[in-house]
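Here's a set of exercises to work through with the model open beside you. Try each task before you read its solution.

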Amino acid sequence: MASLKEGIDKLAGSVSQPEGAVLPLSDFDYILPSDRIAQRPLEQRDRSRLLVLDRDSGAVTAHAIFEQIVDYLNPGDLLVINETRVSALRLYGSLKSGGRAEFLLTGRISEGLWHCLAKPGKRLRPGTRVVFEEGLTAEIVDVLDERGGRLVRIDAEGRSDGTDEALDRIGLTPLPPYIRSDDPNRYRERYQTIYAARPGSAAAPTAGLHFTSELFERVRERGVDLAKVTLHVGVGTFRPIDSANVREHVMHEESGEIPAVTAEKIRTARGRIVAVGTTTVRSLESASTGYREVAPGPFRTSLYVTPGYRFQVVDAMVTNFHMPRSTLLVLVSAFAGRSALMAAYSEALRRGYRFLSFGDAMFIVGARSIAQTEGEFANAT
């Protein structure tokens, strides 16, 4: 097993890449010891640790507890959250041949018809039937891609309580594969943000897991306004970057919506636009129509943010510590600066921070908002 020292040494050796240059995937790699991957959430959401990184100077300026994030927000700031709700389910069943099959149901198309990520993909061709508990059966309708994407029809075979009710009983919470749990459903609600309202995600927007109702009250008392967006997290979240040059990776498409009230709050905000999570960042930047403007309404996006991207809406970001070689790590590198981010990760490893979905958080801030540095973004459109 790789040592903590090896991980820190690799991060410390990171160097910056010029804008537009080839970005080797190895430059977004680091050694993450398995004991630093959080296996369970803290009992109190807002008691996770918080590392504060200043994107202007590149320096780590504070180590705090998440509930203290209020102290790093300014009156007039706008905190934007993603209110998607995890509706995916993981199912395990049997093939007629005697083999096993695993389905991750990621999106309901219509009654009984779902998108899913299936294993073993090569054996699950159209017409293949899978049997689950409680009399549920599934038939592969179509192959969506050769990486496990399938269209599947699920039938309750005459059950009076219906397919959805049976799925809810036997389906498991789709925790990320690096979280090992004998009972994933123990965390069914804990793997949701407290403001999750719009079903459609295959995974939680985990930066928001740290917030509580009491903390939101303190945020409001601070003079910080709240706004909502929706971006449903798709199956691409589970797929690593598969190209040696990071810029050649093709981002998966996701759907979302910007409410009109949110667009107006962004346009008129006096302070910073603070995005809670990478999904909120992608929502706002995807909907951007220019400097600090977003178009309201539904949208689809495959926006892939890499170093050199010029942010037009987001001034500050709340995020967790991400997996090596992931699109999430690349996006945060684009926002904070790759060298600064890797140095912050190195410090987090040294100080014992917990990584990934149930882990600790980072607040990437700047003293100035985009509104105060308009000239820097004049050529962004």
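**Exercise 1. A strand and its two faces**

Task: work out which residues of β3 are buried on each face.

Solution. Start with one face, where Leu78, Val80 and Asn82 are all buried. Flip to the other face and you find Leu79 and Ile81, buried as well. Buried here is under 20% relative accessible area, exposed is over 50%, and partly exposed is in between (1.4 Å probe, protein chains only). That split fits a general pattern: in a regular strand the side chains alternate between the two faces of the sheet. Now put it together: five of the five residues of β3 (residues 78-82) are buried, so the strand is largely enclosed by the rest of the structure.

A word on the ground rules: this is a predicted model, in which local features need pLDDT of at least 70 and side-chain atom pairs count only at pLDDT 80 or more, while totals for chains, interfaces and linings use all residues. Residues are numbered from 1 along each chain as its sequence is written, and side-chain values use heavy atoms, with hydrogens and water left out. Helices (H or I, at least four residues) and strands (E, at least two) are DSSP runs, numbered from the N terminus.

**Exercise 2. Neighbours in the open sheet**

Task: find the strands that pair with β3, then place them in the whole sheet.

Solution. First, β3 pairs in the parallel sense with β12 (residues 225-231) over five bridges; two strands count as paired if DSSP finds at least two bridges between them. Asp225 in β12 is the bridge partner of Leu78. Next, β14 (residues 273-276) also runs parallel to β3, over three bridges, and there Leu78 stands opposite Ile273.

Now zoom out: the open sheet has nine strands in the order β2-β1-β19-β18-β14-β3-β12-β13-β17, with mixed pairing. β2 (60-65) and β17 (297-301) sit at the edges with a single partner strand each, so one side of each has no neighbour in the sheet. From one strand to the next, the twist averages 25 degrees. At the β2 end, β1 (residues 49-54) runs antiparallel to β2, joined by five bridges, with Arg49 opposite Ile65.

**Exercise 3. Two helices, one of them on the sheet**

Task: describe how α6 and α7 pack, and say which strands α7 touches.

Solution. Two packed helices are described by the angle between their axes and the distance between the axes. For α6 (residues 327-336) and α7 (residues 338-350), the angle is about 115 degrees and the axes are 7 Å apart. Axes are lines fitted to C-alpha atoms, for helices over the stretch in contact, and angles run from 0 to 180 degrees between N-to-C directions.

Then look at who meets whom: Leu329, Val332, Ser333 and Ala336 from α6 face Arg338, Ala340, Leu341, Met342 and Tyr345 from α7, where contact means heavy atoms within 4.5 Å. By class, that makes seven nonpolar, one polar and one charged residues. (Ala, Val, Leu, Ile, Met, Phe, Trp, Tyr, Cys and Pro count as nonpolar, Asp, Glu, Lys and Arg as charged, and the others, Gly among them, as polar.)

Last step: α7 packs on the open sheet, touching β1, β2, β18 (316-320) and β19 (361-365). The direction of α7 makes about 150 degrees with that of β1.

**Exercise 4. The barrel**

Task: trace the strand order of the closed barrel, then place Thr106.

Solution. The six strands go β5-β6-β7-β10-β9-β8, with antiparallel pairing. Neighbouring strands are turned by 45 degrees against each other on average, direction ignored. Take one pair: β8 (residues 129-131) and β9 (residues 137-143) share three bridges, and Val130 stands opposite Ala138.

Thr106 belongs to β6 (residues 100-110) and is buried at 12% relative accessible area. Beyond its neighbours within four places in sequence, Thr106 contacts Ala88, His115, Cys116, Gly200, Ala202 and Val235.

**Exercise 5. A loop proline**

Task: locate Pro296 and list its contacts away from its sequence neighbours.

Solution. Pro296 is in the loop between β16 (293-294) and β17. Leaving aside neighbours within four places in sequence, its contacts are Ile258, Pro259, Ala260 and Ala263. The C-alpha atoms of Pro296 and Pro259 are 5.5 Å apart, with the two positions 37 residues apart along the chain.
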